[in-house]
Amino acid sequence: MNAALVAVLLSLVSACAYAAAAVAQERLASRASDAGPLRMLTSGAWWWAVALNASAALLHVVALKYGPLTVVQPLGALTLVAAVPLGARLAGRRVSAIEWRGTGLTLLGLGALLLTASGPAPDDVLSVPEALTVSGATAALIGVLSWPGARPGLRHATASGIASGVASALTQTVTVAVTDRSGPLLSVQVIGVAVLVAAFATGGLLLSQTAYRGGLGAPLAVVTLANPVAAALIGLSLLGERLRGGAGGVLLALTGALLAAWGVLQLSRATPAPGRHEPGAPVLTGPEPEPDPDGSPPAGLVPRQPGPGHLTPL
C-alpha cells in the first residue's frame, strides 16, 4: 500500500479518536468549570479522555512515519468535522445545515491540500540545536498566550494548538530517528527530543482542557487551525518538505487552506436552532410572567446557557 495512503487512513482514525476525546473533555469541563487542572486527576472520566487522546496520538505517531507533516497535520481538521455530529448526537439534536456546509468546505479544502502536499515518506529530522530552538521559542509563545487577560479560552486554545503542532514535528524526528538503523536506537537526540514531545503533548492537553470550559466549538476550531500551521512552518522551513506543482501548487494549497479555514469557522459558529426544545429544558406554560420591579427579565425568561455537547460561536 502507498505510504501516503497509509498516512491518510491512520490520520482519519486518529482524528475520530481526538474528536471523541474533545467532546468528552468539553462535557467534563462544563460540569466542573470551577475545578482546577489538578482536580481533574481524580476524575475517572478525565482519564478516559486521556486514554482516547493517547490512542489518537499513537495513531498520529505512526502516520507521521509514513507521511510528511504537510499531509498529516491538516487532516487534524477532521477532528472538528467528526466532533460536530458526535456533539449534536449527545446533545439530542440534528446536525444543522450550516454544520453540513462547514463540513463540506473543510473536506474540499483538505482535498486540495492533499493534492499538493502528498510526498514520499519523511527522512529528515531536526538536529538537537534546531529542536531546542523551536522548543524555546514555542515555550515563550505559550507563556505569553497563557498570561491572564481577556478571552482566555481562545488564547489557551491557540497555545494548545501550537504545543500540539510542535509536539507532532518533534515526534516525527523521534520516529524517523528510531526507525533509521544507521544510528543507535536510544541516542541523546532521541531521548532529549522525546522528553520535549512529552512536555508539549501534556501542556497541549491541559491547555485544551481549560479552553473547553466555555464550550467546544470556538476553542476546538482554534486548536484545529493553529496545530497544522505550527507543524507546517516547521516542516517547510526545517525538514525540507515541499509543495508539489510549483507556483500553481502553492496557489492551490493556499486556496485549500482558506476553504478549510472557512469551513472550520462555519462549524465553530454552528449553534442549535433557536426555539428548539432541548431534552431536560424547562417548558414555559401559561401566561407570560411579568418583569421584575427593577426592570430585569423574570428568571424563567433568562436564556439558557449552552450545555454539554453544544458548540459555542466565535
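1. Let us start with a term you will need: a residue is called buried when its relative accessible area is under 20%. With that in hand, look at helix H3, residues 44-66. Its buried residues are Trp46, Ala49, Val50, Asn53, Ala56, His60, Ala63 and Leu64. Please keep in mind throughout that this is a predicted model.

2. Now step back to the whole chain. How many helices and strands does the protein chain have? The count comes to eleven helices and zero strands, so written from the N terminus on, the elements read α-α-α-α-α-α-α-α-α-α-α. Of the 314 residues in the chain, 44% count as buried. Contacts reach across the sequence too: among those between residues at least 6 apart, 83% join residues at least 24 apart.

3. Two helices are good ones to trace from end to end. H3 has 23 residues and spans 34 Å from its first C-alpha to its last, close to the 33 Å expected at 1.5 Å a residue. H9, residues 188-211, has 24 residues and also reaches 34 Å, close to the 34 Å expected for it.

4. Stay with H9 for a moment, and colour its buried residues. They are Val190, Val193, Leu196, Val197, Phe200, Gly204, Leu205, Leu207, Ser208, Gln209, Thr210 and Ala211. Several of these names will come back below.

5. Next, how do helices pack? Two packed helices are described by the angle between their axes and the distance between the axes. For H7 (residues 128-145) and H9, the axes come within 11 Å and cross at roughly 20°. Angles under 35 degrees count as roughly parallel, and H7 is therefore roughly parallel to H9. The crossing of this pair is left-handed.

6. Which residues make the contact between H7 and H9? On the H7 side they are Val128, Ala131, Leu132, Ser135, Thr138, Ala139 and Ile142, and on the H9 side Gln189, Val193, Leu196, Phe200 and Leu207. Sorted by character, the residues of this contact give nine nonpolar, three polar and no charged. Val193, Leu196, Phe200 and Leu207 are also among the buried residues of H9.

7. H9 has another partner, H8, which covers residues 152-179. What is the angle between H8 and H9? It is about 155°, with the axes 8 Å apart. Because angles over 145 degrees count as roughly antiparallel, H8 is roughly antiparallel to H9. H8 passes H9 in a left-handed crossing, and the residues of their contact divide into 18 nonpolar, ten polar and no charged.

8. Zoom in on one residue of H8, Ser160. Is Ser160 buried or exposed? Its relative accessibility is 2%, so Ser160 counts as buried. Leaving aside residues up to four places away in sequence, Ser160 touches Gly204, Leu207, Ser208 and Val223. Gly204, Leu207 and Ser208 appear among the buried residues of H9.

9. Finish with Ala260, which lies in helix H11, residues 246-269. At 8% relative accessibility, Ala260 counts as buried. Which residues does Ala260 touch, not counting residues up to four places away in sequence? They are Leu105, Thr106, Gly109 and Leu110. Try locating Pro74 as well: Ala260 and Pro74 are 186 residues apart in sequence, yet 8.9 Å apart in space, C-alpha to C-alpha.

Methods. Residues numbered from 1 in each chain as written. Predicted model: local features only at pLDDT ≥ 70, side-chain atom pairs only at ≥ 80, totals over all residues. Heavy atoms only, no water. Axes fitted to C-alpha atoms, helices over the stretch in contact; angles between N-to-C directions. Helix = DSSP H or I, 4+ residues; strand = E, 2+ residues; numbered from the N terminus. Parallel < 35°, antiparallel > 145°, perpendicular 65-115°, else oblique. Left-handed = near helix turned anticlockwise from the far one by under 90°. Contact = heavy atoms within 4.5 Å. Nonpolar A, V, L, I, M, F, W, Y, C, P; charged D, E, K, R; others polar. Expected span 1.5 Å × (residues − 1). Buried < 20%, exposed > 50% of the residue type's maximum accessible area, 1.4 Å probe, protein only.
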